[in-house]
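User: I would like to go through this model step by step, beginning with how its strands are paired. Please reason briefly before giving each answer.

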Amino acid sequence: MTIKVDNAFGMVTYGTTDVTDGQLTFNVKEGSNVVLTLTPNDGFKVSKVIVNGQDKTTDVVNGQLTLSNVTANMTVIVTFGSAADYATVTVGSQGVVTFSPVSDVDFTSVSGVKAYIGSGFNRKTGVLTMTRVYDVPAGEGLLLKGASGTYQIPYQQSYSIYSNLLKGVSSETNLSATTGSYANYVLGSGSNGTGFYRVPAGGTTLTAGHAYLQIPTETAAGSRALTISFDDEDEATAISDVERQDGVSAVYDLQGRRVEQPRSGLYIRNGKKIIKDVSAARHRSGGGCSHRNDCHLDAERGRDGNHRCHRRH
């Protein structure tokens, strides 16, 4: 028989042996009854019990699970979660914070803040793609984005499974610059603004309930800071050190392909999304460009919506 406890919020006891945040494998006499005692930490509860793939949570009575007439191998997975009705999360003045819930949560009814997972990274452009999610399993790493304030996120069972570059931590964690063949990044503020920065060689400490970013070291290619692109928004958070070594900024499409002569559309340059609007260069108003007859013009639309013409022979 194997007992697994998938977080550090409680304890499972068999006889005189305790299991916390790990697993225990032992032999039992065929046909015997096995009694497991499930003890959550203060402020927590038994949220889920799975026995050989079947939900047996309702079989827990007075903190005990009885498995009768055991005749074959069994695997028991116990998950402890918060006894509260919701998680409380505070977003600071930077507008973003990492978060890892102790129980399943649902952001569907929450206004003012959005939850994202790290769904992909383009090593050519240095852009980290963040995908918005709503129902989130316990322990998932998230990036929350919203106005400064405190939010209540309801605990509710999640049925989702994600492939996520963000890794949540349930307890205080000493994080090194690399873990095996992966490079680690933490959310912070630096010379390039707020975003994910490479963990320094001396390491750092991440507090419980937060998350860090992990991508293959080879893919990271020495990037110190990453651009964040939210898939439900038009703009990217501009922090990046991706630039050609000769100092001339390269332009890429959203698939990471190098574009030598971009036409009208959305592109990435210096880790920022830009809108190329060639037709705007042909404007004839009093404030228009006067040298369109002897050169090729590109017009870039800035964040303020104004067009800026650049002469390029």
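Analyst: Two strands count as paired if DSSP finds at least two bridges between them. The model is a predicted one, and the answers that follow should be read in that light.

User: Which residue in strand 5 is the bridge partner of Met11?

Analyst: Strand 2, covering residues 10-14, runs antiparallel to strand 5, covering residues 32-40, and four bridges join them. Within strand 5, the residue that serves as bridge partner of Met11 is Thr39.

User: Which residue in strand 8 stands opposite Ser32?

Analyst: Strand 5 also pairs in the antiparallel sense with strand 8, residues 64-70, and this pairing extends over five bridges. In strand 8, the residue opposite Ser32 is Val70.

User: Which strands stand at the edges of the open sheet with the order 4-1-9-6-7?

Analyst: This open sheet is formed by five strands, and its pairing is mixed. Each edge strand has a single partner strand, so one side of each is left without a neighbour in the sheet. The strands at the edges are strand 4 (22-25) and strand 7 (54-55).

User: Which residue in strand 7 stands opposite Ile50?

Analyst: Strand 6, which covers residues 44-51, pairs with strand 7 in the antiparallel sense over two bridges. Opposite Ile50, the residue in strand 7 is Asp55.

User: Which elements give two or more residues to the largest nonpolar core?

Analyst: That core holds 19 residues, of which Val12, Leu36, Leu38, Leu65, Leu67 and Val76 touch the most other members. The elements giving two or more residues to this core are strand 1 (2-5), strand 5, strand 6, strand 8 and strand 9 (75-82).

User: Which residues does Leu65 touch, not counting residues up to four places away in sequence?

Analyst: Leu65 is one of the core residues that touch the most other members. With residues up to four places away in sequence left out, the residues touched by Leu65 are Val34, Val35, Leu36, Leu38, Val49, Val51, Lys56, Asp59, Val60 and Val76.

User: Is Val110 buried or exposed?

Analyst: Val110 lies in the loop between strand 12 (105-106) and strand 13 (113-122). Its contacts, not counting residues up to four places away in sequence, are with Gln152, Ile153 and Pro154, and the C-alpha atoms of Val110 and Gln152, 42 residues apart along the chain, are separated by 7.7 Å. Because the cut-off for burial is under 20% relative accessible area and the value for Val110 is 12%, this residue is buried.

User: How many residues apart in sequence are the parts that Asp232 and Lys114 tie together?

Analyst: Asp232 forms a salt bridge with Lys114, with the closest N and O atoms 3.2 Å apart. Asp232 lies in the loop between strand 25 (225-230) and strand 26 (236-237) whereas Lys114 lies in strand 13, so the pair ties together parts whose separation in sequence is 118 residues.

User: Is Asp232 buried, partly exposed or exposed?

Analyst: The range between buried and exposed runs from 20% to 50% relative accessible area. Lys114, at 26% relative accessibility, counts as partly exposed. Asp232 has a relative accessible area of 33% and is therefore partly exposed.

User: What percentage of the residues in the chain is buried?

Analyst: The secondary structure of the chain comes to one helix and 31 strands. Its accessible surface comes to about 16600 Å², of which 45% belongs to carbon and sulfur atoms. Among the 313 residues in the chain, the buried share is 38%.

Methods:
Residues are numbered from 1 along each chain as its sequence is written. This is a predicted model: local features need pLDDT of at least 70, side-chain atom pairs count only at pLDDT 80 or more; totals for chains, interfaces and linings use all residues. Side-chain values use heavy atoms; hydrogens and water are left out. Buried means under 20% relative accessible area, exposed over 50%, partly exposed in between (1.4 Å probe, protein chains only). Accessible areas come from the Shrake-Rupley method with a 1.4 Å probe; for residues, only the protein chains shown count as cover. Contact means heavy atoms within 4.5 Å. A salt bridge is a side-chain nitrogen of Lys or Arg within 4 Å of a carboxyl oxygen of Asp or Glu. A nonpolar core is a set of buried Ala, Val, Leu, Ile, Met, Phe, Trp, Tyr and Cys residues joined through side-chain atoms within 4.5 Å.
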